[in-house]
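Me: I have this model open on my screen and would like a close look at one part of it. Could you walk me through that part and then show me how the charged side chains elsewhere are arranged?

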Amino acid sequence: MNGPIALDRAEAAAMPSSGSRPVAEGSWPGGKSAWVMVFMLFLAGVLSVIDRAALNILVDPVRADIGIGDEQIGLLQGLAFGLFYAFMGLPMGLLADRISRRNLIVAGIALWSVATIGSGLAQTFGSLFTARLLVGLGEAALGPAAISLIADLFSPERRGRPISFYMMGQGLANGVAISLTGLLVTAAGAGAFLGLPLIGHLVPWRIVFVVFGASGLLVALALLAFTREPVRQVQAAAGAVPRLPGAAEAAYFWRNRRVLLPLYFGFATCFTVAYGGSAWAPTMLLRGYGADAAFLGKWLGPLSILFSAIGPLIGGTMLDRSMRSGRTMARFAILAVAPLFALPSVLAVLAGELHLATVLVASSNAVFSVIGTVMFATLQSLVPPRMRGCAISLTLVLNTIIGASLGPLMVASVTERVLHDPAQVGWSIAVVCTPFLLLGAALYAGAGRAMRRAAARGDSECAQLLSSGAN
């Protein structure tokens with residue numbers, strides 16, 4: 001979710017900072033060099049998700065090789081990555097406003113790539129946990145800087161396509177990760193890497209991490225060789241009144257808490273399912289349905305890519321149609337109903353057939369893409385423009401702390417401590433995720449009711465902004 005978070009930090013990058021020089025209106029670089037930068041950012045975004053998602057496909061080989069249980073895998077999938085990723089986002093955003101964004105991204109890619117290689121060479125749980133921490137730290141640098149760069153490369157009326165292209169990479173990356181991991185594991189198992197220096201003696205899962213990490217280092221070098229830091233487009237607001245950072249935002253959120261609290265926690269609750277389900281669903285197919293890595297690469301990867309591409313189109317189309325028809329409150333109905341469409345994916349353990357279960361698992365990518373698209377668009381309409389970055393950043397913190405950290409761990413804990421059978425992980429997904437989906441739907445419905453009451457009273461800033469349609 002780097003892209004949406006970074007989108008509104010582009011506004012912050014437009015403020016004066018040390019080393020920035022004002023540029024005349026209409027002097028954005030654009031052209032071939034700008035698109036080279038966008039393509040490199042696209043590749044970086046894909047690799048940032050691949051480095052995370054690969055572990056979800058390699059659960060059992062990692063467990064067996066290092067000698068750990070499902071709960072420890074759950075910590076590696078969530079908490080280890082999420083600790084730095086959640087809390088370093090804002091500091092990285094401040095850095096992106098003050099130093100070379102290209103160099104910050106290069107340093108981040110280099111760090112997470114070396115840490116990914118370290119993941120493949122780790123011999124203990126502690127060393128693997130540390131490597132995943134550093135992956136999160138490195139990846140925290142990408143989002144805050146990437147959209148800021150694009151904003152200085154393209155004029156406002158031409159930013160849509162490059163931003164969409166960058167964000168598309170992260171949306172498709174989970175499916176790409178599944179396919180590439182499956183191909184690499186299959187090739188390594190067939191001896192394709194035997195005799196190669198450095199990796200020829202490694203077991204397949206370790207080769208996957210080393211190859212992905214090395215690919216990241218190549219992208220970092222390409223960024224250095226083929227791109228330059230653009231001049232910042234300084235647009236200082238004349239007569240702006242300094243204010244204590246965060247004070248106005250906190251006051252606004254408190255005044256509108258009846259709408260915003262259920263909205264935020266509904267999102268975090270739904271993404272507890274997104275993180276927990278996606279972390280363990282491939283393992284469920286492997287353990288419960290007898291799939292292998294080659295099958296996941298051939299079927300689950302492409303299906304995940306397909307559903308990830310469909311989801312934003314569905315969400316955006318529904319949102320646009322509701323706005324054109326004047327039904328501004330329809331977005332809350334979409335958010336309240338959408339989580340229910342993810343129920344089949346978390347109940348895939350009941351499918352009874354491997355291919356059907358795979359389709360159900362992959363379908364959740366579309367559902368959570370719809371929720372994410374509508375949620376971010378809704379937040380943009382409920383807060384003043386100066387607070388958009390803060391509003392979106394808060395979702396990053398809550399989703400990482402609640403969703404990414406707890407989701408995978410809760411599924412693993414039910415498997416180990418309640419069911420006592422690794423093969424029953426599909427039932428753990430169902431037991432943990434079903435209540436969270438229902439709770440998320442209920443919270444979104446509650447946010448909709450609160451918004452309608454606020455609109456009727458006429459005393460809510462959120463309701464006024466939403467009804468005006470001018471934000």
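Reply: Arginine 452 sits in helix α20, and this is a predicted model, so please read everything below in that light. With a relative accessible area of 45%, arginine 452 is partly exposed. It belongs to a positive surface patch, made up of Arg258, Arg449, Arg452 and Arg453. Helix α20, which covers residues 425-457, is the main contributor to that patch, giving three residues.

For contrast, have a look at helix α16, residues 330-337. Six of its eight residues are buried, so this helix is mostly covered. The buried ones are Ala330, Arg331, Phe332, Ile334, Leu335 and Ala336.

Stepping back to the whole chain, you will find 21 helices and zero strands. Of the 471 residues, 56% are buried. Among contacts with a separation of 6 or more, 85% are between residues 24 or more positions apart. The accessible surface of the protein is about 19100 Å², and carbon and sulfur atoms account for 69% of that area.

Now to the charged pairs. Side chains of opposite charge can pair when their charged atoms come close. Counting pairs with a side-chain nitrogen of Lys or Arg within 4 Å of a carboxyl oxygen of Asp or Glu, the model has eight salt bridges. One of them joins arginine 52 to glutamate 139, with 2.7 Å between the closest N and O atoms. Arginine 52 belongs to helix α3 (residues 31-57) and glutamate 139 to helix α9 (residues 125-139), so this pair ties together parts that are 87 residues apart in sequence. Glutamate 139 has 0% relative accessibility and therefore counts as buried.

Another salt bridge is formed by aspartate 65 and arginine 206, whose closest N and O atoms are 3.1 Å apart. Here too the pair links distant parts of the chain: aspartate 65 is in helix α4 (residues 59-66) and arginine 206 is in helix α12 (residues 204-226), 141 residues apart. The two partners are covered to differing degrees: aspartate 65 is partly exposed at 37% relative accessible area, whereas arginine 206, at 6%, counts as buried.

Aspartate 70 and arginine 287 also form a salt bridge, and their closest N and O atoms are 3.0 Å apart. This pair links helix α5 (residues 70-77), which holds aspartate 70, with helix α14 (residues 257-289), which holds arginine 287, across 217 residues. Aspartate 70 is buried, with a relative accessible area of 1%, and arginine 287 is buried as well, at 16%. Salt bridges with shared partners join Asp60, Arg63, Asp70 and Arg287 into one network.

One last arginine is worth a visit while you have helix α9 in view. Arginine 132 lies in that helix. Arginine 132 is buried but has no salt bridge, and the nearest side chain of opposite charge, that of glutamate 139, is 6.1 Å away. As described above, glutamate 139 is the salt-bridge partner of arginine 52. If you set aside neighbours within four places in sequence, arginine 132 is in contact with Asp51, Arg52, Leu76, Ala80, Phe81, Ser119 and Phe209. So, on your screen, you can go from the partly exposed arginine 452 to the buried arginine 132.

Note on methods:
Residues numbered from 1 in each chain as written. Predicted model: local features only at pLDDT ≥ 70, side-chain atom pairs only at ≥ 80, totals over all residues. Heavy atoms only, no water. Patch = residues over 30% accessible without salt bridge, like charges linked within 9 Å, V, L, I, M, F, W, Y side chains within 5 Å. Areas by Shrake-Rupley, 256 points an atom, 1.4 Å probe, with all protein chains shown as cover. Lys, Arg positive; Asp, Glu negative; His and termini not counted. Charge placed at Lys NZ, Arg CZ, Asp CG, Glu CD. Helix = DSSP H or I, 4+ residues; strand = E, 2+ residues; numbered from the N terminus. Buried < 20%, exposed > 50% of the residue type's maximum accessible area, 1.4 Å probe, protein only. Contact = heavy atoms within 4.5 Å.
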